[in-house]
Amino acid sequence: MVGESPAPENSGAAAVPHPNDSAHRPPDEEVFARYPYIRLDQVNIDYYRGLLTHELTAGWCSECERWHTPLRPICPSCWSPEVTARPVQGTGTVHLLTRLHQGPPLVDYSTPWPLAAIELDEQVGLRIVAPLVDTPDALQRIGQPVELTWIERAESPWPAFRVVAAKGNG
(Lines give C-alpha, C1' and ligand atoms only; values in the text may rest on other atoms or scores of the structure.)
Protein backbone atom coordinates (compact mmCIF):
# COMPACT_ATOMS: atom_id res chain seq x y z
CA MET A 1 0.00 0.00 0.00
CA VAL A 2 1.19 3.50 -0.70
CA GLY A 3 2.69 5.18 2.36
CA GLU A 4 3.00 1.90 4.25
CA SER A 5 6.07 -0.24 4.01
CA PRO A 6 6.42 -3.46 5.96
CA ALA A 7 9.30 -3.52 8.39
CA PRO A 8 11.58 -6.56 8.71
CA GLU A 9 9.86 -9.86 9.45
CA ASN A 10 8.72 -10.27 13.04
CA SER A 11 5.53 -12.10 13.78
CA GLY A 12 5.97 -12.63 17.49
CA ALA A 13 7.29 -11.14 20.68
CA ALA A 14 9.89 -13.83 21.38
CA ALA A 15 12.44 -12.50 18.87
CA VAL A 16 12.66 -8.97 20.29
CA PRO A 17 13.85 -7.65 23.65
CA HIS A 18 11.20 -7.03 26.27
CA PRO A 19 10.59 -3.28 26.77
CA ASN A 20 11.30 -3.70 30.48
CA ASP A 21 14.82 -4.92 29.64
CA SER A 22 16.69 -1.70 30.50
CA ALA A 23 19.45 -2.34 27.93
CA HIS A 24 16.88 -2.17 25.10
CA ARG A 25 14.19 0.03 26.65
CA PRO A 26 13.71 3.27 24.69
CA PRO A 27 13.67 6.26 27.06
CA ASP A 28 10.52 8.34 27.54
CA GLU A 29 12.02 11.19 25.50
CA GLU A 30 12.37 8.92 22.44
CA VAL A 31 8.80 7.65 22.78
CA PHE A 32 7.47 11.23 22.96
CA ALA A 33 9.61 12.27 19.96
CA ARG A 34 8.55 9.32 17.77
CA TYR A 35 4.81 9.57 18.54
CA PRO A 36 4.20 13.36 18.69
CA TYR A 37 0.55 13.10 17.60
CA ILE A 38 -0.38 10.62 20.36
CA ARG A 39 -1.52 11.79 23.78
CA LEU A 40 0.93 9.79 25.88
CA ASP A 41 0.50 9.25 29.60
CA GLN A 42 1.74 6.99 32.39
CA VAL A 43 -0.76 4.28 31.40
CA ASN A 44 -0.17 4.01 27.64
CA ILE A 45 3.50 4.96 27.25
CA ASP A 46 4.67 1.33 27.66
CA TYR A 47 2.46 0.30 24.72
CA TYR A 48 4.17 2.85 22.46
CA ARG A 49 7.59 2.06 23.93
CA GLY A 50 6.95 -1.56 22.89
CA LEU A 51 6.07 -0.48 19.34
CA LEU A 52 9.53 1.08 19.03
CA THR A 53 11.06 -2.37 19.62
CA HIS A 54 8.45 -4.09 17.39
CA GLU A 55 6.67 -5.60 20.35
CA LEU A 56 2.88 -5.59 20.57
CA THR A 57 1.62 -5.46 24.14
CA ALA A 58 -1.69 -5.75 25.94
CA GLY A 59 -2.69 -5.30 29.57
CA TRP A 60 -2.27 -8.33 31.84
CA CYS A 61 -3.78 -8.67 35.31
CA SER A 62 -1.75 -10.81 37.70
CA GLU A 63 -4.78 -11.16 40.03
CA CYS A 64 -7.34 -12.69 37.64
CA GLU A 65 -4.89 -13.61 34.84
CA ARG A 66 -6.94 -11.86 32.14
CA TRP A 67 -5.76 -9.78 29.22
CA HIS A 68 -7.27 -6.43 28.18
CA THR A 69 -6.93 -3.66 25.63
CA PRO A 70 -6.48 -0.77 25.69
CA LEU A 71 -4.08 -0.45 28.62
CA ARG A 72 -5.79 0.72 31.80
CA PRO A 73 -4.60 1.51 35.35
CA ILE A 74 -6.96 -1.13 36.79
CA CYS A 75 -8.19 -4.47 35.47
CA PRO A 76 -11.61 -4.17 33.79
CA SER A 77 -12.47 -7.72 34.92
CA CYS A 78 -11.61 -7.71 38.65
CA TRP A 79 -10.69 -4.05 39.31
CA SER A 80 -7.25 -4.96 40.60
CA PRO A 81 -4.47 -2.38 40.21
CA GLU A 82 -2.01 -5.24 39.55
CA VAL A 83 -1.85 -4.71 35.78
CA THR A 84 1.19 -4.52 33.51
CA ALA A 85 1.85 -4.30 29.79
CA ARG A 86 2.99 -7.69 28.51
CA PRO A 87 3.87 -8.88 25.01
CA VAL A 88 1.35 -10.88 23.00
CA GLN A 89 2.14 -13.51 20.36
CA GLY A 90 0.90 -11.46 17.44
CA THR A 91 -1.38 -14.14 16.01
CA GLY A 92 -5.13 -14.15 15.82
CA THR A 93 -8.24 -14.12 13.64
CA VAL A 94 -10.07 -11.37 11.78
CA HIS A 95 -13.13 -10.67 13.95
CA LEU A 96 -14.47 -7.64 12.08
CA LEU A 97 -13.44 -6.09 8.77
CA THR A 98 -14.24 -2.77 7.19
CA ARG A 99 -12.86 -0.98 4.15
CA LEU A 100 -12.22 2.71 4.61
CA HIS A 101 -12.23 5.09 1.68
CA GLN A 102 -10.42 7.84 3.55
CA GLY A 103 -7.54 7.40 5.99
CA PRO A 104 -5.61 9.57 8.43
CA PRO A 105 -4.11 12.70 6.85
CA LEU A 106 -0.50 11.62 7.54
CA VAL A 107 -0.64 8.63 5.19
CA ASP A 108 -1.24 8.47 1.44
CA TYR A 109 -3.57 5.47 1.23
CA SER A 110 -4.81 3.63 -1.79
CA THR A 111 -8.49 2.91 -1.35
CA PRO A 112 -10.28 1.03 -0.09
CA TRP A 113 -8.09 0.60 2.97
CA PRO A 114 -8.86 -2.60 4.97
CA LEU A 115 -9.08 -2.07 8.72
CA ALA A 116 -9.65 -5.11 10.93
CA ALA A 117 -10.48 -5.92 14.53
CA ILE A 118 -8.18 -8.84 15.26
CA GLU A 119 -9.08 -11.26 18.05
CA LEU A 120 -5.72 -12.25 19.50
CA ASP A 121 -5.00 -15.89 20.36
CA GLU A 122 -4.20 -15.14 24.02
CA GLN A 123 -7.86 -14.92 25.09
CA VAL A 124 -11.37 -14.88 23.62
CA GLY A 125 -12.49 -11.26 23.35
CA LEU A 126 -8.98 -9.73 23.39
CA ARG A 127 -9.00 -7.54 20.27
CA ILE A 128 -6.87 -4.90 18.62
CA VAL A 129 -7.76 -2.74 15.62
CA ALA A 130 -5.09 -2.51 12.92
CA PRO A 131 -4.71 -2.34 9.14
CA LEU A 132 -4.77 -5.55 7.12
CA VAL A 133 -1.78 -5.40 4.74
CA ASP A 134 -0.07 -7.63 2.16
CA THR A 135 -3.33 -9.54 1.73
CA PRO A 136 -5.21 -10.00 -1.56
CA ASP A 137 -8.83 -8.81 -1.57
CA ALA A 138 -10.08 -12.42 -1.92
CA LEU A 139 -8.46 -13.34 1.44
CA GLN A 140 -9.73 -10.29 3.34
CA ARG A 141 -12.59 -11.85 5.27
CA ILE A 142 -13.86 -12.50 8.78
CA GLY A 143 -12.49 -15.69 10.35
CA GLN A 144 -9.19 -15.53 8.45
CA PRO A 145 -6.08 -16.37 10.56
CA VAL A 146 -3.58 -13.50 10.64
CA GLU A 147 -0.14 -12.66 11.98
CA LEU A 148 1.53 -9.49 13.14
CA THR A 149 3.68 -7.44 10.79
CA TRP A 150 4.91 -3.85 10.99
CA ILE A 151 4.34 -0.74 8.89
CA GLU A 152 5.91 2.70 9.05
CA ARG A 153 3.78 5.81 9.51
CA ALA A 154 5.29 9.23 10.05
CA GLU A 155 8.68 7.54 10.56
CA SER A 156 7.45 5.36 13.45
CA PRO A 157 6.55 1.65 13.62
CA TRP A 158 2.90 0.61 13.90
CA PRO A 159 1.33 -2.86 14.15
CA ALA A 160 -0.53 -4.30 11.18
CA PHE A 161 -1.70 -7.80 10.34
CA ARG A 162 -1.56 -10.00 7.25
CA VAL A 163 -3.18 -13.31 6.40
CA VAL A 164 -1.13 -16.32 7.45
CA ALA A 165 0.29 -18.09 4.41
CA ALA A 166 -0.95 -21.64 3.86
CA LYS A 167 1.66 -24.17 4.92
CA GLY A 168 2.68 -27.20 2.92
CA ASN A 169 1.76 -25.80 -0.51
CA GLY A 170 4.83 -24.97 -2.43
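What follows is a walk through this structure, from its nonpolar core out to a few loops.

First, the ground rules. This is a predicted model, in which local features need pLDDT of at least 70 and side-chain atom pairs count only at pLDDT 80 or more, while totals for chains, interfaces and linings use all residues. Residues are numbered from 1 along each chain as its sequence is written, and side-chain values use heavy atoms, with hydrogens and water left out.

Let's start with the core. A nonpolar core here is a set of buried Ala, Val, Leu, Ile, Met, Phe, Trp, Tyr and Cys residues joined through side-chain atoms within 4.5 Å. Buried means under 20% relative accessible area, exposed means over 50%, and partly exposed is anything in between, using a 1.4 Å probe and protein chains only. The largest such core has 33 residues, and Tyr-48, Ile-118 and Phe-161 touch the most other members. At least two core residues come from each of helix 2, strand 1 (57–61), strand 4 (91–100), strand 5 (113–120), strand 6 (127–131), strand 7 and strand 8. Helix 2 gives the largest share, 5 residues. Helices and strands are DSSP runs numbered from the N terminus, with H or I over at least four residues for a helix and E over at least two for a strand. As background, nonpolar side chains in soluble globular proteins tend to be buried together.

Ile-118 is a good place to look around. Setting aside neighbours within four places in sequence, Ile-118 is in contact (heavy atoms within 4.5 Å) with Gly-92, Thr-93, Val-94, Leu-126, Arg-127, Ile-128, Val-146 and Phe-161. Phe-161, in that list, is also among the core residues that touch the most other members.

Now move to helix 2 itself, which covers residues 45–52 and includes Gly-50. Gly-50 is buried, at a relative accessible area of 0%. Its C-alpha sits 9.8 Å from that of Pro-157, although the two are 107 residues apart in sequence.

The charged side of the story also runs through helix 2. The structure holds 7 salt bridges, each one a side-chain nitrogen of Lys or Arg within 4 Å of a carboxyl oxygen of Asp or Glu. In one of them, Arg-49 meets Asp-28 at 2.6 Å, N to O. Arg-49 lies in helix 2 and Asp-28 in helix 1 (residues 28–34), so this pair ties together parts that are 21 residues apart in sequence. Arg-49 is buried, with a relative accessible area of 2%, whereas Asp-28 is partly exposed at 35%. Arg-49 also has a salt bridge to Asp-46, at 3.1 Å. That pair stays within helix 2, with 3 residues, or about one turn of the helix, between one position and the other. Asp-46 is partly exposed, at 24%.

Another salt bridge joins Glu-147 and Arg-162, whose closest N and O atoms are 3.1 Å apart. Glu-147 is in strand 7 and Arg-162 in strand 8, so the pair links parts 15 residues apart in sequence. Both Glu-147 and Arg-162 are buried. Back among the helices, salt bridges with shared partners join Arg-25, Asp-28, Asp-46 and Arg-49 into one network.

Strands 7 and 8 also bracket a loop worth a look. Ala-154 lies between strand 7 (145–153) and strand 8 (156–163), and Glu-155 is in the loop between those strands too. Ala-154 has a positive phi of about 50° without being a glycine, and Glu-155 likewise has a positive phi, near 65°, in a residue other than glycine. Ala-154 is partly exposed, at 48%, while Glu-155 is exposed, at 68%.

Finally, there's the loop between strand 2 (67–68) and strand 3 (83–87), where Pro-70 is found. Thr-69 and Pro-70 are joined by a cis peptide bond, with omega about -5°. Further along, Ser-80 lies in the loop between strand 2 and strand 3 and is buried, with a relative accessible area of 9%. The side chain of Ser-80 reaches the backbone nitrogen of Glu-82 at 3.0 Å. Beyond its neighbours within four places in sequence, Ser-80 is in contact with Cys-61, Glu-63, Pro-73, Ile-74 and Cys-75.

Definitions and conventions:
Polar contact = N/O pair within 3.5 Å; in protein donor to acceptor, adjacent residues only side chain to side chain.
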